[in-house]
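Work through the exercises below with the sequence and the model side by side, trying each task before reading its solution.

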Amino acid sequence: APPNLAWVEALERRPPLDASTPEHHALLVAGDVSCDLGRLEKTLRCLRKTYDSVFYVPGNHEKWSDGYSDSLEKLDAILETAHACDCRTAPAKLVAESSDEGGIIVAPLFSWYHASFDTEPELPSKNSATFARRWQDFRRCSWPEEVASAQDLNSQDTSLAEYFAALNDCDAILQSRADGDTLLT
């Protein structure tokens, strides 16, 4: 197994710090686990054995469409895999045992980057290829026309960021939040 997967496989469940106080161990996995669905499944299953709750949001590498008609079909398969591993991909509230403490709302947010997020100056490059030609996502992801036009897609295009942002029901997340709750995104 690759070193990262071997590390995950070796994880062990921690015993409670105080036997009189129940603990809930949750993990947030912020994507880029693997573009290989089998390796993703193995990783999520290992993590789920170790933690009471695993929240997962797919990264850009998972969406590389190798073997799928497009990256949205792959995203559907990724989400099905996560659910089959009993991992959460939607917001959920972890409630504290004590009624005087607020809960924690964990909200994995779907997203995609675009150039306006990058405010750093360009790094010098001897490679004369355009950004889109150098960046793997532009070659390994494919999107249906209704999401993003492949011929117009470039680092300045916001269509993917807008599409993924629209998948999040932010109003419902905020409405479920009570006084004292902590929101993690």
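Helices in these exercises are DSSP runs of H or I with at least four residues, and they are numbered from the N terminus. The model is a predicted one, and it holds six salt bridges, three of which are examined here.

**Exercise 1.** Find the residue that forms a salt bridge with R45, and work out where the two partners lie.

Solution. Start from R45 and look for a carboxyl oxygen within 4 Å of its side-chain nitrogen atoms, since that is the cut-off for a salt bridge. The partner is E41, with the closest N and O atoms 3.0 Å apart. Next, place the pair in the chain: both R45 and E41 belong to helix α2, which covers residues 37-50, and they are four residues apart, or about one turn of the helix. Finally, consider accessibility, where partly exposed covers the range between under 20% and over 50%. R45, at 36% relative accessibility, is partly exposed, and E41, with a relative accessible area of 30%, is partly exposed as well.

**Exercise 2.** Determine which residue pairs with D66 in a salt bridge, and describe which parts of the chain the pair links.

Solution. The partner of D66 is R140, and their closest N and O atoms are 2.4 Å apart. This pair links distant parts of the chain, because D66 sits in the loop between β2 (53-56) and α3 (71-84), whereas R140 is in helix α5 (residues 136-140), 74 residues apart, with helices and strands taken as DSSP runs. As for accessibility, D66 is partly exposed at 39%, and R140 is partly exposed with a relative accessible area of 25%.

**Exercise 3.** Decide whether D181 and K93, which form a salt bridge, are each buried, partly exposed or exposed.

Solution. First confirm the pair: the closest N and O atoms of D181 and K93 are 2.8 Å apart. Then locate the two residues, which are 88 residues apart and link distant parts of the chain, with D181 in the loop between α7 (170-175) and β5 (182-184) and K93 in strand β3 (residues 92-94). D181 has a relative accessibility of 8% and therefore counts as buried, the limit being under 20%. K93, at 36%, counts as partly exposed.

**Exercise 4.** Identify the residues that make the nonpolar surface patch of about 220 Å², and place L184 in the chain.

Solution. The patch is made by L28, I104 and L184. Of these, L184 lies in strand β5, and its relative accessibility of 34% makes L184 partly exposed.

Technical notes: Residues are numbered from 1 along each chain as its sequence is written. This is a predicted model: local features need pLDDT of at least 70, side-chain atom pairs count only at pLDDT 80 or more; totals for chains, interfaces and linings use all residues. Side-chain values use heavy atoms; hydrogens and water are left out. Buried means under 20% relative accessible area, exposed over 50%, partly exposed in between (1.4 Å probe, protein chains only). Patches are made of residues with over 30% relative accessible area and no salt bridge: like charges are joined within 9 Å, nonpolar side chains (Val, Leu, Ile, Met, Phe, Trp, Tyr) within 5 Å. Accessible areas come from the Shrake-Rupley method with a 1.4 Å probe; for residues, only the protein chains shown count as cover.
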